[in-house]
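Work through the exercises below with the sequence and the model open. Try each task before reading its solution.

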Amino acid sequence: MIIKTQEYQWLEELQCRLALTKLEEKEIFIQRVGFEGELEAFKLISEYKQHDWQLLSGLRFTQGMSEIQVDLLLITQVGWVMFEVKNYDSNYHYRDGKWLVNGLPKTRDDFAQLNRTLAILKNVHQRIGASGELSGKLLFINESDTVEIEGAEPALFIKRAKLKDFMRRLGEDCLNYLDNTHQIAVEANWLNAHSEPDLHLRSLTDERYDKMRKGIYCCRCASFHIQFERYHICCESCGAVEAAEKAILRTICGYGILFPYKHLNTREVYSVFGGQVQYRRVKKILNKYFQRNASQAGFINPVKNFEYQFGHVKFHYNDHL
Ligand SMILES: [Zn+2]
């Protein structure tokens, strides 16, 4: 499963409550395009892969001061294939070490980045004692096919149109190997267990929190014009009806995303509702859905939006969206 980065979740939550800066608007656009590209790549590779291969996403490792994030890693009988997904729809042109985007120089070299990531992943590969080879590719996933590459090692990149064929050939290569499904699963479990947390989480300043709009916004249209009933909230702008408990929980999760380094303290969480919900009720919902923090006051902040943390929960009162 592809999960939005905390930065993306943070920008999305903030956008509902406060005007983003010009820079943040750019950032949320980049995050959205990147996320959509990874979703698409994950979907296609999952479709083309053999059932005993494992496809992992969002792995993160550090080595000294260097830090890498692996978009997608496919574990097969013949080894690991890492994909760095690029969702480009402008005109990219690479020739002998230089990139141009719509005719202008691009400072970051994607191939250099790929090699850096591969070098660190190689150490992880050795640390596990993984059996097969390790390779990596830039995957240009956008359907518009506007990337032109000259003079690069062909093994280091792949375009969307060639992905299916590549996966088929990978499957053929695997035919010569003994069944090592168990080994593949062991490696995948190890990688998931040892993937490191993101240490650069975005957090809101108190000053911006004060300026930020408080209260519950509509889950469909993000309007703050909502009518509170006992068990439901109704949006006066679009007519969506949502279970009140769910809306409160969703708002608490949003607060947790904005302040990833804070525990969920009842009084602080209460403030995000701007007086719309009784203190008692906020406390009750925190108790019901969140784990108490053993050493400090408050509850453990999952730093995940509602969909990721509670998307599976069934509520007694249904939404009418
Ligand atoms: Zn609405």
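A residue is called buried under 20% relative accessible area, exposed over 50%, and partly exposed in between, with a 1.4 Å probe and protein chains only. The model is predicted: local features need pLDDT of at least 70, side-chain atom pairs count only at pLDDT 80 or more, and totals for chains, interfaces and linings use all residues. Residues are numbered from 1 along each chain as its sequence is written, and side-chain values use heavy atoms, with hydrogens and water left out.

**Exercise 1. The zinc site**

Task: Find the donors of the zinc ion and state their arrangement.

Solution.
- Step 1. Donors are N, O and S atoms within 2.8 Å of the metal (3.2 Å for Na, K and Ca); water is not among the atoms, so sites may look incomplete.
- Step 2. The SG atoms of C218, C221, C235 and C238 coordinate the zinc ion at 2.3 Å.
- Step 3. Along the sequence these donor residues follow the spacing C-x2-C-x13-C-x2-C. C221 sits in the loop between α6 (206–211) and β10 (226–228), and C238 in the loop between β11 (232–235) and β12 (241–243), so named because helices (H or I, at least four residues) and strands (E, at least two) are DSSP runs numbered from the N terminus. The two are 17 residues apart, and the pair links distant parts of the chain.
- Step 4. Four donors count as tetrahedral if all angles lie between 85 and 135 degrees. Here the angles are 106 to 114 degrees, so the arrangement is tetrahedral.
- Step 5. C221 has a relative accessible area of 36% and is therefore partly exposed. C238, at 27%, also counts as partly exposed.

**Exercise 2. Three strands**

Task: Describe how β2 pairs with β1 and with β3.

Solution.
- Step 1. Two strands pair if DSSP finds at least two bridges between them.
- Step 2. Strand β1 (residues 54–63) and β2 are antiparallel, with nine bridges. S57 stands opposite L72 in β2.
- Step 3. β1 and β2 make a hairpin with two residues between them, and G64 in the turn has a positive phi of about 60 degrees.
- Step 4. β2 also pairs with strand β3 (residues 79–86) in the antiparallel sense, over five bridges. One bridge joins T76 to G79 in β3, and this hairpin too has two residues between its strands.
- Step 5. In β2 (residues 66–76), eight of the eleven residues are buried, so the strand is largely enclosed by the rest of the structure.

**Exercise 3. A helix with two faces**

Task: Decide where the buried residues of α5 lie around its axis.

Solution.
- Step 1. α5 (residues 181–194) has 14 residues and spans 20 Å from first to last C-alpha, close to the 20 Å expected at 1.5 Å a residue. The expected span is 1.5 Å times one less than the number of residues.
- Step 2. I184, E187, A188 and L191 are buried in α5.
- Step 3. Seen down the axis, the buried residues of α5 fall within an arc of 100 degrees, so they line one face. The arc is that of the directions from the helix axis to the C-beta atoms.
- Step 4. An α-helix has 3.6 residues a turn, so residues three or four places apart point the same way.
- Step 5. The face of α5 turned away from the buried side carries the exposed residues H182, N189 and A193.
- Step 6. The buried residues of α5 pack against β1, β2, β3 and α3 (110–128), where contact means heavy atoms within 4.5 Å.

Conventions
Tetrahedral: all angles 85-135°; square planar, octahedral: opposite > 155°, others 65-115°.
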